[in-house]
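This report sets out selected structural features of the chain shown below. The topics are a helix, a sheet, a nonpolar core and individual residues.

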Amino acid sequence: MSQGNLKETTPLPLPTHGEGCPVRDVLDRLGDKWSVLILATLANDPMRFNELTRAVPDISRRMLTETLRHLERDGLVCREVTPATPPAVRYGLTALGASLMPPLSALVRWAELHQSEIAAARARFQVQVPTQRLVRWV
């Protein structure tokens, strides 16, 4: 890679690696397919389950339930049940979840601004790297 492609940035503190790494622990949750979308959706207002299903249309009900449970377990989302028949359940961000919104919003904005550049880089890479066949070693 040529030096012209490298840009100087402010170095990030190096995370600890291995078990107990706080960065890995948090990114395991935020790096899944649905958590960021659900958190960003709940950033505006609390929502009922069916509202969330409509707001994130590609998610299955099962995956939405599972992701909400993980986010609740991690303290990012709270679940409020109002006694009724049937019970009314709303999901919203906790204070911890709300504190995640500024960096998460910055990441979402960055993704929106640079998605076309990333798509172009992927296309260039695909052209440069020919498809390789798997070789079975005997």
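## Helix H6

In this predicted model, helix H6 covers residues 101–128, a run of 28 residues. At 1.5 Å a residue, a helix of that many residues should span 40 Å, and the end C-alpha atoms of H6 are 38 Å apart, which agrees.

The helix axis also changes direction: H6 bends by about 55°, and the bend is located at His-114.

## The three-stranded sheet

Three strands form an open sheet in the order S1-S3-S2, with antiparallel pairing. Strand S1 (47–48) and strand S2 (77–82) are the edge strands, each pairing on one side only.

Between S1 and strand S3, which comprises residues 88–93, the antiparallel pairing runs over two bridges. Within S3, Arg-90 stands opposite Arg-48.

## The largest nonpolar core

In soluble globular proteins, nonpolar side chains tend to be buried together. The largest nonpolar core of this model has 21 residues, and those with the most contacts inside it are Ile-38, Leu-39, Leu-42, Leu-68 and Tyr-91. Two or more residues come from each of H2, helix H3 (49–55), helix H4 (61–73), S3 and H6. H2 provides the largest share, with four residues.

Which residues are in contact with Tyr-91, leaving aside its neighbours within four places in sequence? They are Leu-42, Pro-46, Met-47, Phe-49, Leu-52, Leu-68, Val-77, Cys-78 and Arg-79. Leu-42 and Leu-68 are, like Tyr-91, among the residues with the most contacts inside the core.

## Thr-67 in helix H4

Helix H4 also contains Thr-67. Is Thr-67 buried or exposed? Its relative accessibility is 3%, so Thr-67 counts as buried, the cut-off for this class being under 20%.

Not counting residues up to four places away in sequence, Thr-67 touches Trp-34, Ser-35 and Ile-38. Of these, Ile-38 is one of the residues with the most contacts inside the largest nonpolar core.

## Leu-37 in helix H2

Leu-37 belongs to helix H2, which extends over residues 35–42. With a relative accessibility of 44%, Leu-37 counts as partly exposed, a class that lies between the limits of 20% and 50%. Because membership of a nonpolar core requires a buried residue, the partly exposed Leu-37 does not qualify for the core described above.

Leu-37 and Ala-55 are 18 residues apart in sequence, and their C-alpha atoms are 9.4 Å apart in space.

How values were computed. Residues numbered from 1 in each chain as written. Predicted model: local features only at pLDDT ≥ 70, side-chain atom pairs only at ≥ 80, totals over all residues. Heavy atoms only, no water. Expected span 1.5 Å × (residues − 1). Bend = angle between axes of the 7 residues up to and from the residue. Buried < 20%, exposed > 50% of the residue type's maximum accessible area, 1.4 Å probe, protein only. Pairing = 2+ DSSP bridges. Core = buried A, V, L, I, M, F, W, Y, C linked by side-chain atoms within 4.5 Å. Contact = heavy atoms within 4.5 Å.
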